[in-house]
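Welcome! Please take a moment to look over the sequence and the structure shown here, and then read on for a short guided tour.

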Amino acid sequence: MDKESPLYEDMVDILKRKKADQLTFHTHEEIWKEIMPEFYKVAKVSEVPIGTKKLVEVDFVPVLLFNVGGEFYAMEDVCTHDGGPLGEGFLEDDEIECPRHGARFCVKTGKALCMPAVEDIECFPVKIEDDEILVSID
Ligand code: FES
């Protein structure tokens, strides 16, 4: 790969983050696979109507899907206060309330909105292909 390649800067970033001596790339396809996050089909669009949530599992990680006004979002199903299952919490607009002690989080950003939680929850990229919802936890 030469420095003029559009992938060059991405490769430099990857090599900085990983042990360069353990990486061996031979083709653009291998490089592309390393750069691009892997998306998993997790549900049909029709399974998550507007204003609802659905608990799925992605590579052993519990993930909550949300449909807020027709836009889909995904976050880890673990409350940062004490590990409560947010999937059993109350969803209103773009906020979900933890059923254990009442912390609320923005489902679009994972931001902790009130005590007792002070740490944000990890959110994941979502994309829609045809009628499938795909999530990446990379
Ligand atoms: S475990 Fe969620 S608020 Fe305590």
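## A hairpin to begin with

Let us start at a turn. Strands S9 and S10 form a hairpin with two residues between the strands, and in this hairpin Asp130 takes a positive phi near 55°. Keep in mind that this is a predicted model.

The two strands of the hairpin run antiparallel and are joined by four bridges, with S9 covering residues 126-129. Two of the facing residues are easy to look up: Glu129 stands opposite Glu132 in S10, and Ile128 stands opposite Ile133 in S10.

## S10 and its other partner

S10 also pairs with strand S1, residues 40-44, in the antiparallel sense, and this pairing has four bridges. Here Ile133 turns up again, as the bridge partner of Ala43.

Which residues of S10 lie on its covered face, and which on its uncovered one? Ile133 and Val135 make up the covered face, while Glu132 and Leu134 make up the uncovered one.

## The nonpolar core

Now to the inside. The largest nonpolar core has 24 residues, and Val63, Leu65, Ala74 and Met75 are those with the most contacts inside it. The elements giving two or more residues to this core are strand S2 (53-58), strand S3 (61-68), strand S4 (71-76), strand S8 (123-124) and strand S10 (132-135). S3 provides the largest share, four residues. As a general background, nonpolar side chains in soluble globular proteins tend to be buried together.

Leu65 is a good residue to pick out for a closer look. What is Leu65 in contact with, leaving aside its neighbours within four places in sequence? The list is Val42, Ala43, Val48, Lys53, Lys54, Val56, Phe72, Ala74 and Ile133. Two names here may be familiar: Ala43 and Ile133, both in contact with Leu65, are also bridge partners, with Ile133 in S10.

## The whole chain

Finally, let us step back to the full protein chain. How many helices and strands are there? The protein chain has two helices and ten strands. Following the sequence, you meet them in the pattern α-α-β-β-β-β-β-β-β-β-β-β.

Two overall values complete the tour. The protein chain has 138 residues, of which 21% count as buried. Among contacts with a separation of 6 or more in the protein chain, 38% are between residues 24 or more positions apart.

Note on methods. Residues numbered from 1 in each chain as written. Predicted model: local features only at pLDDT ≥ 70, side-chain atom pairs only at ≥ 80, totals over all residues. Core = buried A, V, L, I, M, F, W, Y, C linked by C-beta atoms within 7 Å. Buried ≥ 20, exposed ≤ 12 C-beta atoms within 10 Å, placed from the backbone. Contact = placed C-beta atoms within 7 Å. Pairing = 2+ DSSP bridges.
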